[in-house]
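Student: I should like to work through this model step by step, with the reasoning behind each conclusion.

Tutor: Please ask your questions in turn, once the structure is in view.

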Amino acid sequence: MDSLEDTAVPRALYEELLRNYQQQQEEMRHLQQELERTRRQLVQQAKKLKEYGALVSEMKELRDLNRRLQDVLLLRLGSGPAIDLEKVKSECLEPEPELRSTFSEEANTSSYYPAPAPVMDKYILDNGKVHLGSGIWVDEEKWHQLQVTQGDSKYTKNLAVMIWGTDVLKNRSVTGVATKKKKDAVPKPPLSPHKLSIVRECLYDRIAQETVDETEIAQRLSKVNKYICEKIMDINKSCKNEERREAKYNLQ
């Protein structure tokens, strides 16, 4: 009996320790499962961060590549048949009589750079400017923004503002003929045919990248005057609205 009593206490202690051990094992198993879930979440987050970093880097590379491709495209569009330089020099140095006043009035605008000798290459990048032909330069950044403009109408209107500026456009008309809607309408000076031809050439180069159908190209180019006329009306309407607001404010 004494020996049985001696062994009874250690067995009870053993069972208690065993239960504690099993309980700790269960807790350890739960901790390991929680640790594994946390590890998988961290791996997924790290993977997402890596993918995001790769996307950011790829987007930057694509933007740089797009810019370089646009520059190359501009240079290729500028290549064309040889032109008689002496003939163009004489034409540039002796413009038509009706254009002389127009050139002098527009010489101070930011889009016109008179030169003693004509620059023959189109879409040449120089000093943050893009050459559109015949001495017409525009801001390079604005030119790149213009290339992603949707639609012929918006493209033509934005290009007209880049070339002439709103101050010139609001005081001009496309043809110089007074509108028939008003009997006492005074005709405004026409826009330079020289610059209008540049607008048409730029739009032609843009359309030619989309289609080779000559009928479609001619039809779309025929709307250039209409687009610019709409832009002039929009500018004048905006100016009148601004004048009304100022007058209303002054009355207050």
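Student: Is Glu34 buried, partly exposed or exposed?

Tutor: This is a predicted model, and the class follows from the relative accessible area, with buried meaning under 20% and exposed over 50%. Glu34 has a relative accessible area of 41%. Because that value falls between the two limits, Glu34 counts as partly exposed.

Student: With which residue does Arg37 form a salt bridge?

Tutor: Arg37 has a relative accessibility of 38% and counts as partly exposed. Its candidate partner lies three residues away in helix H1, about one helical turn. The closest N and O atoms of the pair are 2.3 Å apart, and a salt bridge requires a distance within 4 Å. The partner of Arg37 is therefore Glu34.

Student: How far apart in sequence are the parts that Lys157 and Glu230 tie together?

Tutor: The side chains of Lys157 and Glu230 meet in a salt bridge, at 3.1 Å from N to O. Lys157 lies in helix H5 (residues 152-164), while Glu230 belongs to helix H9 (residues 224-251). The pair therefore ties together parts whose separation in sequence is 73 residues.

Student: Of Lys157 and Glu230, which is buried?

Tutor: The limit for a buried residue is a relative accessible area under 20%. Glu230, at 23% relative accessibility, counts as partly exposed. Lys157 has a relative accessible area of 15%, so the buried residue is Lys157.

Student: In which helix do Glu242 and Arg245 lie?

Tutor: Glu242 is partly exposed, with a relative accessible area of 35%. Glu242 forms a salt bridge with Arg245, and their closest N and O atoms are 2.7 Å apart. The two residues are three positions apart, about one turn of the helix, and both lie in helix H9.

Student: How many salt bridges are found in the whole structure?

Tutor: Some salt bridges are linked in a network, made by Asp152, Glu210, Glu216 and Arg220. Another is the bridge between Glu242 and Arg245. For the whole structure, the search finds a total of 11.

Student: How many charged residues are in the lining of the second largest pocket?

Tutor: The second largest pocket holds about 750 Å³ of space. Its lining comprises 19 residues, and the closest to its centre are Thr179, Lys188, Cys229, Met233 and Asn236. By class, nine lining residues are nonpolar and four are polar, and the number of charged residues is six.

Student: What is the separation of the C-alpha atoms of Ile207 and Ile217?

Tutor: Ile207 has its place in helix H7 (residues 193-208). Ile207 is buried, with a relative accessible area of 0%. Ile207 and Ile217 are 10 residues apart along the chain, and the separation of their C-alpha atoms is 6.6 Å.

Student: Which residues make the nonpolar surface patch of about 320 Å²?

Tutor: One member of the patch is found in helix H1 (residues 2-77), namely Tyr14. A residue must have over 30% relative accessible area to belong to such a patch. The members of the patch are Tyr14, Leu18 and Tyr21.

Student: What percentage of the residues in the protein chain is buried?

Tutor: The protein chain has nine helices and three strands. Along the sequence, these elements follow the pattern α-α-α-β-β-β-α-α-α-α-α-α. The chain has 252 residues, and the buried percentage is 26%.

Note on methods. Residues are numbered from 1 along each chain as its sequence is written. This is a predicted model: local features need pLDDT of at least 70, side-chain atom pairs count only at pLDDT 80 or more; totals for chains, interfaces and linings use all residues. Side-chain values use heavy atoms; hydrogens and water are left out. Patches are made of residues with over 30% relative accessible area and no salt bridge: like charges are joined within 9 Å, nonpolar side chains (Val, Leu, Ile, Met, Phe, Trp, Tyr) within 5 Å. Accessible areas come from the Shrake-Rupley method with a 1.4 Å probe; for residues, only the protein chains shown count as cover. Helices (H or I, at least four residues) and strands (E, at least two) are DSSP runs, numbered from the N terminus. Buried means under 20% relative accessible area, exposed over 50%, partly exposed in between (1.4 Å probe, protein chains only). On a 1 Å grid over the protein atoms alone, a cavity is a set of points where a 1.4 Å probe fits but cannot get out, and a pocket is an open set with protein on both sides within 12 Å along at least five of seven lines; lining residues have an atom within 4 Å of a point. Grid points are joined across faces, edges and corners, and a volume is the space filled by probe spheres set on the points. Ala, Val, Leu, Ile, Met, Phe, Trp, Tyr, Cys and Pro count as nonpolar, Asp, Glu, Lys and Arg as charged, and the others, Gly among them, as polar.
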